[in-house]
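This report walks through side-chain packing and charge pairing in one protein model. Please keep the sequence and the coordinates in view while reading.

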Amino acid sequence: MKMLDREENSLSLPSLTSVKSAAVMMIICGAALVLPLVIGFASAKLSATNSLQGIILAGILFPAFLLALLNTRLLIPYTLLVWAVAPELRRIADWYEGVYHSVSLLSLAPLLTGATLAIPVLKEIHKIRKSSTRIILLFSIALAYGALIGLAKNGVGSVYDLANYIVPLLLIPFFAVTHFGPKDIDRLLYAFANIAVLVAAYGIVQYLTVPPWDAFWMRHADMMSIGTPYPLEIRVFSTLNSPGPAATFLVFALVPMILERKWQGTLRWLGVLLVVVCLLTTLVRSAWLVLLVMLLVYIASSPSRGKWKTLLQLVFVAAALFWIVPKLPGAEGLVARMETLTSVQEDHSYNERLSLWTNMLPMVAGNPVGQGIGSVGQGTKLGNGGELGEYGVMDNGVIALLLTFGVLGALFFFGALGAVIKQIMVRVTRKDSLQPYSRLALAAWMGAVVSLVSDNGFPGLKGYLIWMLVGLGLSAKEITESRKKGTPHAAAQREITSR
C-alpha cells in the first residue's frame, strides 16, 4: 500500500504549457485533415475561376494561421509579404485564365491574412494596458458610427471598407500583447527592407520590359493615369495594384533603411538605391513629400550627435541619385515629373486638389451626419457593378474622413489620433535604448497626417504600414513602463522573454 501511495503521489497533472502545446498540435492536425476536404468540396461547387482563386487564397492563409498559433513574431513579416505580392498573384491568375476580373477573391488575401492577428490578440487580451485601450475605444466608436451609417446607405460595400480600417488597427493591440524586444523589432524592419527591395527589383524589371500579365491587366483595368503597357512608358506599380500603393510601400520601408544601418536589409546601400530608383519610376510626388517629412521628423527628434550622421547619409543618397538618374532609360520623363515639385502652382493635379477642397467642403458642411463607411474608395466597387462609385477617387484625406464619418465620427477619429501622438511624445521624451523606435513611430504618425493632403491613408495597405511603425513605438513604451512599475503584465513579459 505504501508503495502504491508513493506511485500515486509521484503522478502529477500536466502543466498548462503542455496542455496548450497539445491543443495547438490538435488544431494543426485537424486543420491539415479538414483543409484538403474543404478545398476539394469548394472546388467541386465553385466555377473554374473561383476554384483557382480559392485554392490560391487557401494556400496564402494557411501559413498565416500556423504563424498566428506558433510564432507570432514571424506573422508580421509574412503579412507584409502578402500585402506586397497578392495583387501580382491576382494579375497572374487573370492572365493565366485569359479573363480580367474587376472583383476577385484574391483581393481579400491581405485582409484575411491580417485578420489572423486577432488570434494572438484574443488569446492575450487581458494584457492590454489602459493607454492602448483608450486608443482602441476611440477608434471603435468612430468605426461603429461610420459602419452604422454605411450599412444603411452603402450596403455590402461598407463591410469590405470596414475590414480595411479594422485589420490595420489590429496591430495596436497585437503589439501591446506580443513582446517585441529591440532585436525582434530590428529583425522585423530588416525583413521589411528585404521585401521592399524585392518589390523595387521587380518594379525596375516592369519598367524596362512590362511582363505580359501586367500588360494584360493594364489593357483591361481602364486606368489611364498609369501610362501605356510598353517599356519606359509605364508608371511602375510593381507587385502592388497601382503606382500609389507601390510608392507608399517603398517609402515606409525606405525611411528606416536610410536612417539606421541595422534596418537596411541584406543588400545594404545597394538595396536603398534600388528602392529609391523604383520609387522614382512610380512618379508619385506625394510619396516624396511623406518621405521628406518622415526623415525630417526623425532627424529633428534625434540626439545632436546622431543628427549629423543621418544628414551625411541623406547627402550620400542625394549625390548617388544625382549621378544615377540621368543615366537611367527614360530619364527625361522622370526628371520632368520631379521638376513639377518646384512649380506646383502650374501643376494640373495640384490645382484639381485645391478645387476639390473648395467644392467639397460646403457639401460636407451640409451633411454633418456623413455618408458612412463604404462611400469613399475601393469599397464603392462592390455596390456598383465592379466600377468605382461617385467618391471612388478622393484626392483629399481630410474630406474623405469627414465625408465618411461625418462631424461626430470624425471627432472621435481625430481624437484617437491625438491620443496616439500623446503616447508617442511621452515615450520620445525619455532617453533610453528604445527611443529610436518611438522616433520612428513619431515619423510615421506625422507622415500619415501630412499625407491627408492627398488621400486618406488609414484604411488598407497604407494604414497597415502606419500602424505597424506606430505600434512598435507604443509597444516599446508599454514594455518599459510595465517593467518599471513591476506590474503583473511585466511579469508576463519576463516569462515570455525567458522562453
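Contact here means that heavy atoms lie within 4.5 Å. The model is a predicted one, and every value below was computed from it.

## Nonpolar core

On that meaning of contact, and with residues up to four places away in sequence left out of the count, Ile424 touches Ser438, Ala441, Leu442, Trp445, Val470 and Leu474. Ile424 also belongs to the largest nonpolar core, which has 120 residues, and it is listed there with Ile76, Phe252 and Trp467 as having the most contacts inside that core.

Trp467 has a further role in the packing, for it forms one aromatic cluster together with Phe139, Tyr165, Phe405, Phe413, Phe414 and Phe458.

## Aromatic pairs

The structure holds 16 aromatic pairs. In one of them, the rings of Trp95 and Trp213 have centres 5.2 Å apart and planes at 65°, and because an angle over 60 degrees counts as edge-to-face, the pair is assigned to that class. Trp95 lies in helix H4 (residues 72–97) whereas Trp213 lies in helix H11 (residues 212–221), so the pair ties together parts that are 118 residues apart in sequence.

Both rings belong to residues of intermediate accessibility: Trp95, at 35% relative accessibility, counts as partly exposed, and Trp213, at 22%, counts as partly exposed as well.

## Charges over rings, and helix H4

Which ring has Arg91 over its face? That ring belongs to Trp217, with Arg91 placed 5.2 Å from the ring centre. Arg91 also forms a salt bridge with Glu88, in which the closest N and O atoms are 2.3 Å apart. Both partners of this bridge lie in helix H4, three residues apart, or about one turn of the helix, and both Glu88 and Arg91 are buried.

A second charge over a ring is found where the charged end of Arg439 sits over Tyr298, at 4.6 Å from the centre of the ring. Tyr298 is among the buried residues of helix H14, a list that also includes Arg285, Trp288, Met294 and Ile299. Helix H14 covers residues 285–300, and its 16 residues should span 22 Å at 1.5 Å a residue; the end C-alpha atoms are 23 Å apart, which agrees with that expectation.

## Salt bridges beyond helix H4

The structure holds six salt bridges. In one of them, the side chains of Arg187 and Asp184 meet at 3.1 Å, N to O, and because these two residues are three apart in helix H10 (residues 182–209), about one helical turn separates them. Are the two partners buried or exposed? Arg187 is exposed, with a relative accessible area of 53%, while Asp184 is buried, with a relative accessible area of 16%.

In another bridge, the side chains of Lys462 and Asp455 meet at 3.3 Å, N to O. Lys462 counts as buried at 10% relative accessibility, whereas Asp455, at 26%, counts as partly exposed. Elsewhere, salt bridges that share partners join Arg73, Asp184 and Arg187 into one network.

Methods: Residues are numbered from 1 along each chain as its sequence is written. This is a predicted model: local features need pLDDT of at least 70, side-chain atom pairs count only at pLDDT 80 or more; totals for chains, interfaces and linings use all residues. Side-chain values use heavy atoms; hydrogens and water are left out. Rings of Phe, Tyr and Trp (its six-membered ring) pair if their centres lie within 6.5 Å; planes under 30 degrees apart count as stacked, over 60 as edge-to-face and the rest as tilted. Helices (H or I, at least four residues) and strands (E, at least two) are DSSP runs, numbered from the N terminus. Buried means under 20% relative accessible area, exposed over 50%, partly exposed in between (1.4 Å probe, protein chains only). A charge sits over a ring if NZ of Lys or CZ of Arg is within 6 Å of the ring centre and within 35 degrees of the ring normal. A salt bridge is a side-chain nitrogen of Lys or Arg within 4 Å of a carboxyl oxygen of Asp or Glu. A nonpolar core is a set of buried Ala, Val, Leu, Ile, Met, Phe, Trp, Tyr and Cys residues joined through side-chain atoms within 4.5 Å. The expected span of a helix is 1.5 Å times one less than its number of residues.
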